[in-house]
Structures are given as C-alpha cells and as structure tokens.
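Colleague: I would like a close look at the metal sites in this model. Please take them one at a time and then turn to the surrounding elements.

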Amino acid sequence: MVIDLHCHSLHSDGTDAPGRLALLGEEAKLTALCLTDHDTMGGTADFLAMQSQVKVRLLAGTELSCQFLGRSLHVLGLLVDPVDARFQARLEELRGRRDDRNRRMVARLAELGCAITLDDVQAHASTPLLSRVHFALALATRGFVKRPADAFARLIGDDCPGFVPREELSPAEASLWIREAGGVPVVAHPGRFAGAAFRWEDAMAELQRQGLEGLEGYYGEYRAAEQKYFIALAARLGMVVTGGSDYHGTHKPGLRLGRGSGGLKVPDELLERLETQQRFGSHH
Ligand code: AMP
Ligand code: MN
Ligand code: MN
Ligand code: MN
C-alpha cells in the first residue's frame, strides 16, 4: 500500500487540474495523496471536493521556499488546515514577494537581451501565480532559448545571470507558520539541496532546532543509496520520514504520480506516523 505526499497542480507549476490529480492518484492505486503547490492552497478546495468520487485519501499541504546556509531550501507543510485564515494571509504575502521577484526578473532578462513581458509569462500559466517554469516556457516561445530546459541552464537557473532571488522565509518562520496552521513542517528533498559530500548530520540537527519535524526520505528522483541515507538520518535524529514523487505533470516529463522516475514506493505506515506527529508535535 503506497502513498504520495508531494505533488503540484496547475495552481503552481504543475500542469494537471487538482481534480485530475485525485483521479490519477486513484488510478495509481495510492491510499493517500497530498497536494503541495508552491506558496498557494488555491487548488485545495477542488482537490478535496473529489473525495466523494475516489477511495484514495486526499490531503492538504503546501511547499514553501526558505533561505538556509545561503541557499534555497524547500519546506513542505503537510496536513495544514485548508481554511486557516491566518495561514492563507501568510501565503498571500509570499505570493506578493514572488510577484516582486518576477517583475525584477523581467527587467534583468531585458538587460541580458531577452525582452519578454509578464504577459508572455502569464500566457503559459493557468493562475496568476507565475513560476520560473512559466518564464522558461516564455523564453522558449520568444526564441531566446531552444527548449525550456536551456532557459534553466543558461538564464534562470539558481546560479544563472537572469535569476533574481526572492525574499525567502527562515526555516524557523516556515515551521512556525505551518505548525500554527495545524500542519507538520518537513524538509523537502534534502538530497536536492546538497550532494553526498555535505555534512547533513549537523545541518539537519540545526533545521530540527529551528522547528522542522520531518524530512523527505523517499523522493521521486532519489537513488537507492540516498533514500537509505536520509531514512537512517531521520531515525538518528528522531524525525518523521515522509515521501512523494514531486509530480509536476508535463513540466517534469520523467516523473509519474506515486512512482516518481520509476521505483518509488512510499509505505502508507508513514502517514500514521505523520498524523501522530501532527497531533502531539515534537518534544523539542
Ligand atoms: P520559482 O519558485 O518561481 O523560483 O521556480 C522554481 C521552480 O522552477 C521549481 O519548483 C522547479 O519546478 C523549477 N526549477 C528550478 N530549477 C530548475 C531546473 N534547473 N530545471 C528545471 N526546473 C527547475
Ligand atoms: Mn516546482
Ligand atoms: Mn521543491
Ligand atoms: Mn515540489
């Protein structure tokens, strides 16, 4: 029995409608599926409304970007209350910072000789939340790169000249916001933040001190050795293990819901453990 606690709809940078994700989760024979769009829960109502039509348990979540050790670290807010007004206001503030960043990124790209408009970017998105995924598509459409992947390689990837960072939360702030909305704060895909040489032992302990209660031990793109490493790390630190595909629809062609790039199998016992953590929290 498998679950998937990380996926995106067209409300952030995925390509499937939330209702369609629920059906795909059913088709993949998942027992639970959590929607985790970046900075928004705009798809949650449509997603949860599908519960009467599917057996797979539909759960609410989100994914927030934080600043940690000078780099961007993603934090999942799993099982957050989908109608918590304060949390919705906080997400709206994050989307404001994102809009700011997007305007500055348009200006920066123009300086680099790649003149696109926010309307060009919006043309590739289904909601007003614009992500770099939509910038990549606009840059390709305007002919500044051949394929969207080239935009990430040359222009808007984290270390590229056209990338403008946004003002990001601290892990402590993100954890507090998520906890106050009834959810569990979890370090998303730690293996993507830093490679094998990284001293995760200390860094993860620091994140735990800042309020992170779990980590993604199973992930759509992990190699077997990474999965083993992060599950063992969580056990040593007493953190909850979660897992998911990070499915984005056609924006990440190699990934399937529930299956990731192939052999992903997130055991459903992890959800029981997560729900216990949600009720009782950490003793730190
Ligand atoms: P944003 O939140 O607008 O800064 O965009 C970040 C999103 O862009 C991530 O969630 C990924 O979906 C995508 N992304 C970031 N870096 C890359 C990359 N190197 N290749 C492909 N997609 C990427
Ligand atoms: Mn994404
Ligand atoms: Mn992420
Ligand atoms: Mn994600």
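Are Asp13 and His248 buried or exposed?

Modeller: Asp13 and His248 are both buried. The model is a predicted one, and what follows is computed from it.

Asp13 and His248 belong to the site of the manganese ion (ligand 2), whose protein donors are Asp13 through OD, His38 through NE2 and His248 through NE2. These donors lie 2.1 to 2.3 Å from the ion. Along the chain they follow the spacing D-x24-H-x209-H. Asp13 sits in the loop between strand 1 (2-4) and helix 1 (18-27), and His248 in the loop between strand 7 (240-244) and strand 8 (266-267). The two are 235 residues apart, and the pair links distant parts of the chain.

The manganese ion (ligand 4) is 4.6 Å from the manganese ion (ligand 2). Its coordination comes from His6 (NE2), His8 (NE2), Glu63 (OE) and Asp246 (OD), at 2.1 to 2.2 Å. The sequence spacing of the donor residues of ligand 4 is H-x1-H-x54-E-x182-D. His6 counts as buried because its relative accessibility is 0%, and His8, also at 0%, counts as buried as well. Asp246 has a relative accessible area of 2%, so this residue is buried too; the cut-off for buried is under 20%.

Asp246 also has a backbone feature to note. Its phi is near 65 degrees, a positive value in a residue other than glycine. Most residues other than glycine have a negative phi. Asp246 is placed in the loop between strand 7 and strand 8, and that loop also holds His248, a donor of the manganese ion (ligand 2).

The manganese ion (ligand 3) has Glu63 (OE), His74 (ND1) and His189 (NE2) as its protein donors, at 2.1 to 2.2 Å. Glu63 is thus listed for ligand 3 and also for ligand 4. For ligand 3 the spacing along the chain reads E-x10-H-x114-H. The separation between the manganese ion (ligand 3) and the manganese ion (ligand 2) is 5.5 Å. His74 is in strand 4 (residues 71-78) and His189 in the loop between strand 5 (184-187) and helix 8 (190-193), so the pair ties together parts that are 115 residues apart in sequence.

His74 has 17% relative accessibility and therefore counts as buried, the cut-off being under 20%. His189 is buried with a relative accessible area of 5%. The phi of His189 is positive, about 25 degrees, although the residue is not a glycine. His189 and Asp246 are therefore both donors with a positive phi, as the values of about 25 degrees and near 65 degrees show.

Next, the elements around the sites. The loop that carries Asp13 runs between strand 1 and helix 1. In helix 1, the residues Pro18, Gly19, Leu21, Ala22, Leu24 and Gly25 are buried. The packing partners of these buried residues are strand 2 (30-35), helix 2 (44-49) and strand 3 (57-68). Just after helix 1, Lys29 takes a positive phi of about 60 degrees.

Two helix pairs complete the picture. Helix 5 (residues 132-141) packs with helix 6 (residues 148-156) at an angle of about 105 degrees, the axes being 8 Å apart. That angle makes helix 5 roughly perpendicular to helix 6. On the helix 5 side the contact includes Val133, Phe135, Leu137 and Leu139, and on the helix 6 side the residues include Ala151, Phe152, Leu155 and Ile156. By class, the residues of this contact are 11 nonpolar, no polar and one charged.

For helix 9 (residues 200-209) and helix 10 (residues 224-237), the axes come within 11 Å and cross at roughly 55 degrees. Helix 9 is accordingly oblique to helix 10, and the crossing is right-handed. Trp200, Glu201, Met204, Ala205 and Gln208 in helix 9 meet Tyr229, Phe230, Leu233, Arg236 and Leu237 in helix 10. The contact of helix 9 with helix 10 has seven nonpolar, one polar and two charged residues.

Notes:
Residues are numbered from 1 along each chain as its sequence is written. Chains are lettered from A and ligands numbered from 1 in the order in which they are written. This is a predicted model: local features need pLDDT of at least 70, side-chain atom pairs count only at pLDDT 80 or more; totals for chains, interfaces and linings use all residues. Side-chain values use heavy atoms; hydrogens and water are left out. Axes are lines fitted to C-alpha atoms, for helices over the stretch in contact, and angles run from 0 to 180 degrees between N-to-C directions. Helices (H or I, at least four residues) and strands (E, at least two) are DSSP runs, numbered from the N terminus. Angles under 35 degrees count as roughly parallel, over 145 as roughly antiparallel, 65 to 115 as roughly perpendicular and the rest as oblique. A crossing is left-handed if the near helix is turned anticlockwise from the far one by less than a right angle, and right-handed if clockwise. Contact means heavy atoms within 4.5 Å. Ala, Val, Leu, Ile, Met, Phe, Trp, Tyr, Cys and Pro count as nonpolar, Asp, Glu, Lys and Arg as charged, and the others, Gly among them, as polar. Donors are N, O and S atoms within 2.8 Å of the metal (3.2 Å for Na, K and Ca); water is not among the atoms, so sites may look incomplete. Buried means under 20% relative accessible area, exposed over 50%, partly exposed in between (1.4 Å probe, protein chains only).
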